[in-house]
Amino acid sequence: MTFSTVIVRGLMRRPVRTGLTLVGISIGIAAVVALVGISRGFQKSWEKGLKARGTDLVVSNMGSALTPKPFAESVRDQVAKLPHVAATCTLLVELTSIESSQMMILSSREWGGFAWENLKLVSGRMPRDAKEPAVVLGQTAADVLKKKVGDPIQIETSELTVVGIVNGGALVEDGSAIMSLPVLQELAGEQGKVNAIDVRCTPGTSEEQMHKLCEQMNALVPEARAMIASENLSNSQGYRIVKAMSWGTSLLAVLVGVLGVMNTMLMTVFERTHEICVLLALGWKRGRIVRMVLCESALLGFLGGVAGVAIGIAGVKVLQNTPAIRGLLEPDLSLGLFLVSVVIAVVVGVVSGLYPAWRSSRLTPSAALQG
């Protein structure tokens, strides 16, 4: 009988108990895959949207929410005068419910600003001017809201008209309802207010120069903070809270798996006392007994990790297509995340098996005579 055969036979001795333990581990790992993948994906989607608009720097006041706090629109004039600033575009962005969608990005943009350039018309037209009560919808947003060109749309307390359907080049853009800045300012009662300024730098501006430009903006405009576009969301307090909650919830679920594996391995050691003592009597070293128990628990962790990754992927795919968040979610289901998740599961198995392995190493060959 080979070492690996002993390990597999040990787990198959109580298939129902082993199966339930695997379920516990897999649920914890599925939580890691789903929650962490979603939070990372949201960040990458946001960054991709900024890149699609050609934004190099973002001036905003990111607090504890996922959308920035409003500040004076006149800040733009101060920012635009700085060196290496080629163009600016003011925005007022909200994360709100629109008709049948419980959560959608409502993005209003300075009329004539460069943030309109990436929007490619699929059907209809763009608003005629800055004051027209009109909305253009990203393709995903139009699909979620079941709207076509010419349909009315209720936003805040007003009814506007969908005049166009656009392809924004990024999921965040395609999942947005987009309008002229003055229209949303009037609807929301935020006249003269914006909550973001997109900045496009002059060609050839280095990353070091961008960082220095951010420092200049921060000194000039204390009510907002400038950041390189790729760092904007990840440095916000709201996103950090969401990320911490994702990992915290995942680790709690993993802890349940730890307790399950430890219980299973302890019961296995108790039930196999006679077998372990016989192996010791046949010449097995105590270290080999410890390795046997740890390998069994590690194998449990590995199998639970693989199953958890599969469950997590399936869960995210289902969640991604729910009407409540469709168009907002592009999970980062990368190979790296899967490998980290499986490694976590294996570590969970090994850690959970330490105490049972120690217990098994304390047995003596003479205990076999008691059986």
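**View 1. Histidine 84, a non-glycine residue with a positive phi.** In this predicted model, histidine 84 sits in the loop that links α3 (75–80) to β3. With a relative accessibility of 31%, histidine 84 counts as partly exposed, because that class covers everything between the buried limit of 20% and the exposed limit of 50%. Its phi is about 75°, on the positive side, even though the residue is not a glycine. Most residues other than glycine have a negative phi.

**View 2. Lysine 146, another loop residue with a positive phi.** Here we look at the loop between α4 (139–145) and β7 (152–155), where lysine 146 is found. Lysine 146 isn't a glycine either, yet its phi is positive at about 55°. As for cover, lysine 146 is exposed, with a relative accessible area of 72%.

**View 3. Helix α6 and what its buried side chains pack on.** Helix α6 spans residues 181–188, and Leu181, Val183, Leu184 and Gln185 in it are buried. The buried residues of α6 pack against five strands: β3 (85–98), β4 (101–109), β8 (158–167), β9 (176–180) and β10 (193–194). Right after the helix comes glycine 189, and its phi is positive too, near 70°.

**View 4. Helices α10 and α11, side by side and running in roughly opposite directions.** Take α10 (residues 286–320) and α11 (residues 335–361): their axes come within 7 Å and cross at roughly 150°. That makes the two helices roughly antiparallel, because angles over 145 degrees fall in that class. The crossing of α10 and α11 is right-handed. If you sort the residues of this contact by type, you get 17 nonpolar, eight polar and one charged.

**View 5. Helix α2 meeting α10 at a slant.** Helix α2 (residues 15–52) packs on α10 with the axes 6 Å apart and an angle of about 45°. The pair is therefore oblique. As α2 passes α10, the crossing is right-handed. The contact between α2 and α10 draws on 15 nonpolar and eight polar residues, with no charged ones.

**View 6. The whole chain, for orientation.** Zooming out, the chain has eleven helices and twelve strands. Of its 371 residues, 49% count as buried. Among contacts between residues at least 6 apart in sequence, 79% join residues at least 24 apart. The chain exposes about 17000 Å², and carbon and sulfur atoms supply 61% of that area.

Definitions and conventions: Residues numbered from 1 in each chain as written. Predicted model: local features only at pLDDT ≥ 70, side-chain atom pairs only at ≥ 80, totals over all residues. Heavy atoms only, no water. Axes fitted to C-alpha atoms, helices over the stretch in contact; angles between N-to-C directions. Helix = DSSP H or I, 4+ residues; strand = E, 2+ residues; numbered from the N terminus. Parallel < 35°, antiparallel > 145°, perpendicular 65-115°, else oblique. Left-handed = near helix turned anticlockwise from the far one by under 90°. Nonpolar A, V, L, I, M, F, W, Y, C, P; charged D, E, K, R; others polar. Buried < 20%, exposed > 50% of the residue type's maximum accessible area, 1.4 Å probe, protein only. Contact = heavy atoms within 4.5 Å. Areas by Shrake-Rupley, 256 points an atom, 1.4 Å probe, with all protein chains shown as cover.
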